[in-house]
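Work through these short exercises with the model open. Try each task before reading its solution.

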Amino acid sequence: MRLGILASHGGSNMQAIIDATKSGVLPAQVVVVIGNNAGSMAATRARNEGIPFHHLSGRTHPQFEDLDEQICRVLVDSRVDVVVLAGYMKKVGPRTIDRFSRRMINIHPALLPRYGGVGMYGIRVHQAVIDAGDDVTGVTVHLVDAEYDRGPIIAQCRVRVLGSDDVESLAARVLTAEHDFYVETLCRIVSGELDLDTLR
Ligand code: GRF
């Protein structure tokens, strides 16, 4: 399976996926990385791994439609089977979503449908979990469609919230869980155990 990754910042999930392909745990190949931020850690990681990195953003393509078209073109030209969003902080355009319908996945650091949607990202998610007094949070991998964080859920795992947690410690524990869980979920997709076509 040929994977194309979209990542904006740290790229730690992306790195976990790349490492799993290199160790043979994940029988797939990351063939291209696209990011909206040329100076990001994700861009550096891609370059360090010798994976083609494309900086595509509002800077390179001021018209959103052109940007969408170019992102789609790079993914198609790279013969990507599944698009993996890994901390991609921008909206994916309708052309790309349509072309990769049921072939684009995202990871979210909470148990969707709770704590998702516009404005629910990064530390805000974990702060909301702590404010609500929840003792369990988690990770969701879902299909990407036109609405933020609303595509069909592929898989979820739970993460304990400890009484001693602050937003940083909770964010760190969830992020660590994400790394294993994204790889594990991709393995189940590659093996066919999870069928993206039949998810509802
Ligand atoms: C993760 O928490 C992911 O769930 C969210 O953005 C963060 C990305 O982290 N969508 P990284 O860039 O993979 O380190």
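**Exercise 1: a backbone oddity**

Task: locate Arg79 and check its phi.

Solution. Arg79 sits in the loop between helix H3 (64-77) and strand S4 (82-85). Helices (H or I, at least four residues) and strands (E, at least two) are DSSP runs, numbered from the N terminus. Phi of Arg79 is near 55°, a positive value in a residue other than glycine.

This is a predicted model: local features need pLDDT of at least 70, side-chain atom pairs count only at pLDDT 80 or more, and totals for chains, interfaces and linings use all residues. Residues are numbered from 1 along each chain as its sequence is written, and side-chain values use heavy atoms, without hydrogens or water.

**Exercise 2: a proline**

Task: find Pro113 and classify the peptide bond before it, cis or trans.

Solution. Go to the loop between S5 and helix H5 (123-132); Pro113 is there. The bond from Leu112 to Pro113 is cis, with omega near 10°.

**Exercise 3: the ligand**

Task: which backbone atoms meet the ligand, and where does the ligand lie relative to the domains?

Solution. Start with polar contacts (pairs of N or O atoms within 3.5 Å). A backbone N or O atom of Gly11 lies 2.8 Å from a ligand oxygen. Asn13 also places a backbone N or O atom 2.8 Å from an oxygen of the ligand. For Ile107, a backbone N or O atom is 3.1 Å from a ligand nitrogen.

Finish with the domains, whose bounds come from an automatic or database assignment. Domain 1 (1-100) and domain 2 (106-200) both give residues to the shell around the ligand, so the ligand lies between them.

How values were computed:
Polar contact = N/O pair within 3.5 Å; in protein donor to acceptor, adjacent residues only side chain to side chain.
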